[in-house]
Amino acid sequence: MTEALEPGASVSAIARRIGIHPSQLFAWRRDARAERHYRERHSSCGGEMASVSGAVIEIAIGEVIVRAGVDVDEAQLQRVIRAVRSA
């Protein structure tokens with residue numbers, strides 16, 4: 001996911017490589033940027049944490065927040081988490 005936040009990154013190519021639909025990665029990237037901006041203003045958080053709010057799973061890995069619907073395919077979510085950790 002960090003790769004998708006880099007200037008000039010091809011979100012479509014990254015999504016294809018990790019096996020998710022580009023619109024998911026675009027949404028997650030948008031949310032990650034918003035969360036990063038919020039964290040920069042309000043706190044310095046590290047580590048990993050997860051929470052469930054309504055129908056959304058939120059996983060913080062370092063400065064990256066991954067949000068997914070609770071009905072997300074487990075294998076797909078695992079691919080995204082691996083991509084974030086390896087970036």
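Two residues are in contact when heavy atoms of theirs lie within 4.5 Å. The exercises below apply this to a predicted model.

**Exercise 1. Describe the overall make-up of the chain, and state what share of its residues is buried.**

Solution. Begin with the secondary structure, which comes to 4 helices and 3 strands. Reading from the N terminus, these elements follow one another in the order α-α-α-β-β-β-α. Next, turn to burial: of the 87 residues in the chain, 36% are buried. Finally, consider how contacts span the sequence: among those between residues at least 6 apart, 37% join residues at least 24 apart.

**Exercise 2. Determine which residues Ile20 contacts beyond its neighbours within four places in sequence, and follow one of these contacts to helix 4.**

Solution. Step one is to list the partners of Ile20, which, with neighbours within four places left aside, are Ala15, Leu25, Trp28, Gln76 and Val80. Step two is to place Gln76, which belongs to helix 4, residues 74-86. Step three is to look back from Gln76, which touches Gly19, Ile20, His21 and Gln24 when residues up to four places away in sequence are not counted. The C-alpha atoms of Gln76 and Gly19 are 7.2 Å apart, although 57 residues separate the two along the chain. Step four concerns burial: the cut-off for a buried residue is under 20% relative accessible area, and Gln76 is therefore classed as buried, since its value is 16%. As for Gly19 itself, this residue comes just after helix 2 and takes a positive phi of about 80°.

**Exercise 3. For helix 2 and helix 4, work out where the buried residues lie around each axis.**

Solution. Take helix 2 (residues 11-18), where Val11, Ile14, Ala15 and Ile18 are the buried residues. Viewed down the axis of helix 2, they fall within an arc of 100°, and so they line one face of the helix. The face turned away from this buried side carries Arg16 and Arg17, which are exposed.

Helix 4 can be treated in the same manner. Its 13 residues reach 18 Å from the first C-alpha to the last, close to the 18 Å expected at 1.5 Å a residue. The buried residues of helix 4 are Gln76, Leu77, Val80, Ile81, Ala83 and Val84. Because they cover an arc of only 160° around the axis, they sit on the same side of helix 4. Turned away from that side is a face with the exposed residues Glu74, Arg82, Arg85 and Ser86.

**Exercise 4. Identify which members of the largest nonpolar core touch the most other members, and which element gives the most to this core.**

Solution. The core holds 20 residues, and those touching the most other members are Ile20, Leu25, Ile59, Val66, Leu77, Val80 and Val84. Helix 2, helix 3, strand 2, strand 3 and helix 4 each supply at least two residues of this core. Helix 4 gives the most, with 5 residues. As background, nonpolar side chains tend to be buried together in soluble globular proteins.

**Exercise 5. Establish how strand 2 and strand 3 are paired, and how covered strand 3 is.**

Solution. Strand 2 (residues 56-61) pairs with strand 3 in the antiparallel sense, over 6 bridges. One bridge within this pairing can be picked out by residue: Ile57 has Ala68 in strand 3 as its partner. The hairpin formed by strand 2 and strand 3 has 2 residues between the strands, and in this hairpin Gly62 takes a positive phi near 65°. For coverage, strand 3 (residues 64-69) is mostly covered, with 5 of its 6 residues buried.

**Exercise 6. Trace the salt bridges, and state which residues they join into one network.**

Solution. The count of salt bridges comes to 2. One of them brings together the side chains of Arg30 and Asp31, at 3.4 Å from N to O. Another is formed by the side chains of Asp31 and Arg67, at 4.0 Å from N to O. This pair links distant parts of the chain, as Asp31 lies in helix 3 (residues 22-42) and Arg67 in strand 3, 36 residues apart. Through shared partners, the salt bridges join Arg30, Asp31 and Arg67 into one network. To complete the solution, compare burial: Asp31 and Arg67 are both buried, whereas Arg30 is exposed, at a relative accessible area of 54%.

Key:
Residues numbered from 1 in each chain as written. Predicted model: local features only at pLDDT ≥ 70, side-chain atom pairs only at ≥ 80, totals over all residues. Heavy atoms only, no water. Buried < 20%, exposed > 50% of the residue type's maximum accessible area, 1.4 Å probe, protein only. Arc of directions from axis to C-beta. Pairing = 2+ DSSP bridges. Expected span 1.5 Å × (residues − 1). Core = buried A, V, L, I, M, F, W, Y, C linked by side-chain atoms within 4.5 Å.
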